[in-house]
Every structure is written in C-alpha cells, then in structure tokens.
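The following exercises ask the reader to examine a structure step by step. Please attempt each task before reading its solution.

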Amino acid sequence: MVDKESRDMYKCLQRTPKKQKKPIVVQKEERKEKNSNYLEHPVYNDISLINGEINRMDCQVLQLKCKELHLDCRGKREALKRRLKEYWKVEKLIEAGLMERRTNRNADFLVVIDFEATCEERNPPGYPHEIIEFPAVLIASGGEDCPRIMDVFHAFVRPVINPHLSEFCKSLTGIDQETVDAADTFPMVHQRFVEWMEVKHGLGSRATYLIVTDGPFDMGRFMYLQMRHLGHDYPAYASHWANLRKVFANFYKEGFYKETKDFKLPGLQTMLTQLGMEFEGQPHSGVDDAKNIARIVVKLLYDRAVIRVNERIAAVAKGVDDSNRTGAKLLSVVPVMRKEAESWYKKQKCLVVVKETTTTTQEE
Ligand code: AMP
Ligand code: MG
C-alpha cells in the first residue's frame with residue numbers, strides 16, 4: 001500500500017497551472033483519471049514491494065538494515081520498520097525524479113514548550129493554575145547538519161494568585177519557593193520569550209515555525225488560564241500547535257496501537273522507550289521535559305516525519321468555565337485536520353514571504 005502522503009506529494013509535483021476554469025463535472029472526471037495515472041507510476045509498486053519486505057523482517061534484520069544504511073538502530077520493531085520504510089520511500093521518489101533530495105516539508109523551526117504550573121496533589125475543580133516555569137527549545141528542521149537543537153529559552157515565573165508553592169508542587173517540579181520569589185511575573189517573562197522568538201530568531205518574519213507540546217495541556221490549560229487570569233487576549237502565535245503525542249502515534253502507529261492494545265496516546269516516557277531512548281535529567285522539570293521532547297522531535301525529523309499542526313485553541317463561549325476539567329479533553333482545544341493544517345502552514349509561509357519582500361523593498 002502506498003500511503004496518501006506520497007500520492008499527494010506526487011500529485012503536487014505533477015500539477016501544472018490551470019489556465020481557464022473548467023466546469024466542475026469535467027474537473028472531477030479529469031481528477032479521477034489523473035489519480036489512477038499517478039497510482040500507475042511504477043515507483044509506487046517498488047515502494048509497496050519494499051514495504052512488504054520490511055514488514056516481514058524481524059527486529060535483528062531491521063537493525064542490521066538500519067546499520068547498513070547508517071540509520072539509527074535503536075527503538076522497538078515498529079519504529080525501525082517505519083524508519084526503513086520512510087528511508088526507502090524518499091530514496092525511490094528521488095530516484096524516480098518525483099522529489100528533490102533537499103525538500104523540507106516541515107516548518108523551518110519547531111519550538112518545543114513545556115510549562116510547569118502551580119498545582120495541588122489533587123487539583124480541585126477550577127484550580128487557577130499559574131505558569132511557574134517557561135522553557136522553550138528551538139529546533140532547526142532543515143539546512144546543514146539538521147535537524148538539531150539550536151537554542152534554549154528558560155525562565156522561572158513568579159505566581160501571583162497562589163504565590164506560595166504547595167509542598168506537592170515543589171516536590172513534583174523540583175522548583176523551590178526562593179526561585180519563584182526571585183523571578184519576574186508572567187507578562188515580563190512572556191515579553192522576553194516573544195522577543196527571543198521574533199527578534200533573536202526572526203520566527204514568523206524570516207522563517208516559518210511551529211509550536212510543539214507534549215499533549216494539549218500546555219496551551220489548552222496553562223497558557224489559556226494564564227491569559228484569562230491576566231485578562232489578556234490569547235496570543236496569536238500560540239493559537240495553533242502540534243501535539244507531539246498525536247504526531248508520534250500517527251507516524252509509528254502500527255506498533256503503537258498493537259503494543260499498547262488501547263488507543264491511549266503515548267506520554268513522554270512511552271515515546272522515549274519506543275525510540276530506545278532514556279529520559280535525561282529530572283522528569284517534571286520544565287526545561288528537562290522540553291529538552292527530552294525536543295530529542296523526540298529531532299528523532300522524528302531524522303525519520304523523515306512531517307510534523308504538522310494538529311490542535312488549536314477554541315473560542316470558548318463566555319460563561320463556560322472549562323478550567324476545572326482535569327481529564328484529557330479540554331473544551332478550550334479543538335483538533336485540526338490535515339487540510340486545515342496545510343492551509344495554516346501555507347499562510348505562515350506567505351507571511352514570511354510577504355514580510356521578506358516588504359523588508360527588502362524598505363531597504364532599497
Ligand atoms: P508536566 O509537564 O507533566 O511536568 O506537568 C505540567 C504541570 O501539570 C505541572 O507543573 C503541574 O502543575 C501539573 N501536573 C502534572 N502532573 C501532576 C500531578 N500528578 N498532580 C497534579 N498536577 C500535576
Ligand atoms: Mg513538564
């Protein structure tokens with residue numbers, strides 16, 4: 001079976017600009033005919049045969065094949081299978097002239113964020129979490145020696161609603177009272193973060209980027225509540241993000257769903273284990289969590305995954321208090337499907353191009 005991504009990519013490369021709009025019925029018929037032609041390209045048959053061979057390999061053979069190709073040999077069987085399949089798919093598409101070697105289908109940069117927040121052992125309904133640690137890891141997805149971690153932003157934040165951290169919170173996050181007492185409040189830290197992204201790294205003006213989080217909670221609960229406490233509008237840059245758990249489960253899904261026997265999305269530790277990696281540092285330390293999430297992102301990029309937006313913030317109706325939800329489903333988060341994700345990314349690309357053009361014209 002050839003996956004949809006390859007077909008879309010092939011279609012995209014084949015597409016020629018339309019001169020005149022044709023009637024819808026004619027367009028539909030032509031599209032049908034074209035689709036069957038794309039599938040007839042012999043390269044897809046080759047890819048399908050290779051995939052079949054890979055499916056029959058045991059773990060040892062998969063490791064050997066990865067080694068021969070200088071690919072990472074770590075991880076469970078399904079991760080190795082996906083790594084090899086993706087490698088051969090891309091090589092075959094390049095060989096057939098359907099893809100360029102240097103194509104980067106990801107945003108130029110990925111920004112991993114993992115907040116720590118005030119909490120109690122059992123967060124009571126409506127608990128007003130406030131962000132106390134704000135780490136971000138910048139990953140370059142393309143270019144020389146990429147993907148790799150380029151920079152880290154890190155700051156502690158002083159909470160104002162509950163300035164005293166609970167014993168539980170201190171022992172969970174490893175953050176002590178003196179650290180938050182000496183820190184700036186959220187608006188100042190947030191301003192520094194925005195400058196780090198926009199001024200230092202030119203994100204959104206010189207390069208496209210995408211926020212990545214482990215689960216929906218960083219944006220859907222912590223950022224959302226923080227902005228609500230402050231009475232500020234939710235920031236536009238954080239309105240869309242990639243929930244890594246979904247990206248991971250989709251990319252390595254054959255193994256994930258088989259091995260866990262349920263449809264629960266993988267947490268940070270599960271993702272690391274699947275890839276044969278170990279947690280580095282202290283779990284629930286925001287900066288260590290963010291660095292470990294970033295290591296997974298880099299691995300996914302090496303395995304040629306495309307990391308797309310898959311969640312966004314919802315406009316929660318006034319009067320609906322969603323802050324007391326502790327389950328996995330947040331009213332403030334809406335899933336984003338592939339089509340919407342692609343058009344969101346296209347808009348980001350246009351913004352970068354437009355800003356580049358404007359800057360050049362001004363300089364002239
Ligand atoms: P994490 O990124 O998993 O470290 O969690 C982020 C934040 O979620 C923490 O800083 C806490 O505010 C909250 N949190 C995580 N785990 C728990 C827990 N077991 N009980 C209460 N709150 C938690
Ligand atoms: Mg964390």
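Three exercises with worked solutions follow.

This is a predicted model, in which local features need pLDDT of at least 70 and side-chain atom pairs count only at pLDDT 80 or more, while totals for chains, interfaces and linings use all residues. Residues are numbered from 1 along each chain as its sequence is written, chains are lettered from A and ligands numbered from 1 in the order in which they are written, and side-chain values use heavy atoms, with hydrogens and water left out.

**Exercise 1. The surroundings of ligand 1**

Determine which residues come nearest to ligand 1.

Solution. Step one: 15 residues surround ligand 1 (a heavy atom within 4 Å), and Asp114, Glu116, Ala117, Asn123 and His284 come nearest.

Step two: consider the polar contacts (pairs of N or O atoms within 3.5 Å). The side chain of His284 places an N or O atom 2.7 Å from an oxygen atom of the ligand. For Ala117, a backbone N or O atom lies 2.7 Å from a ligand oxygen. In the side chain of Asp114, an N or O atom is 3.3 Å from an oxygen of ligand 1.

Step three: ligand 1 taken alone exposes 470 Å², of which the protein buries 72% (Shrake-Rupley method, 1.4 Å probe).

Step four: strand 2 (116-117) and helix 6 (167-173) each give two or more residues to the shell; helix 6 gives the most, with three. By class, the shell has six nonpolar, four polar and five charged residues.

**Exercise 2. A pair of helices**

Describe how helix 10 and helix 13 pack.

Solution. Step one: helix 10 (residues 244-251) and helix 13 (residues 286-302) pack at an angle of about 35 degrees, their axes 12 Å apart.

Step two: the contact (heavy atoms within 4.5 Å) involves Leu244, Val247, Phe248 and Phe251 of helix 10, together with Ile293, Ile296, Val297 and Leu300 of helix 13. These residues comprise eight nonpolar, no polar and no charged.

**Exercise 3. The ends of helix 4**

Identify the residue that caps the N-terminal end of helix 4.

Solution. Step one: Asp58 caps this end of helix 4 (residues 59-68), with a side-chain oxygen 3.2 Å from the backbone nitrogen of Gln60.

Step two: after helix 4 comes His70, whose phi is positive, near 60 degrees.

Note on methods: Axes are lines fitted to C-alpha atoms, for helices over the stretch in contact, and angles run from 0 to 180 degrees between N-to-C directions. Helices (H or I, at least four residues) and strands (E, at least two) are DSSP runs, numbered from the N terminus. Ala, Val, Leu, Ile, Met, Phe, Trp, Tyr, Cys and Pro count as nonpolar, Asp, Glu, Lys and Arg as charged, and the others, Gly among them, as polar. A polar contact is a pair of N or O atoms within 3.5 Å; within protein, one must be able to donate a hydrogen and the other to accept it, and residues adjacent in sequence count only if both atoms are side-chain atoms.
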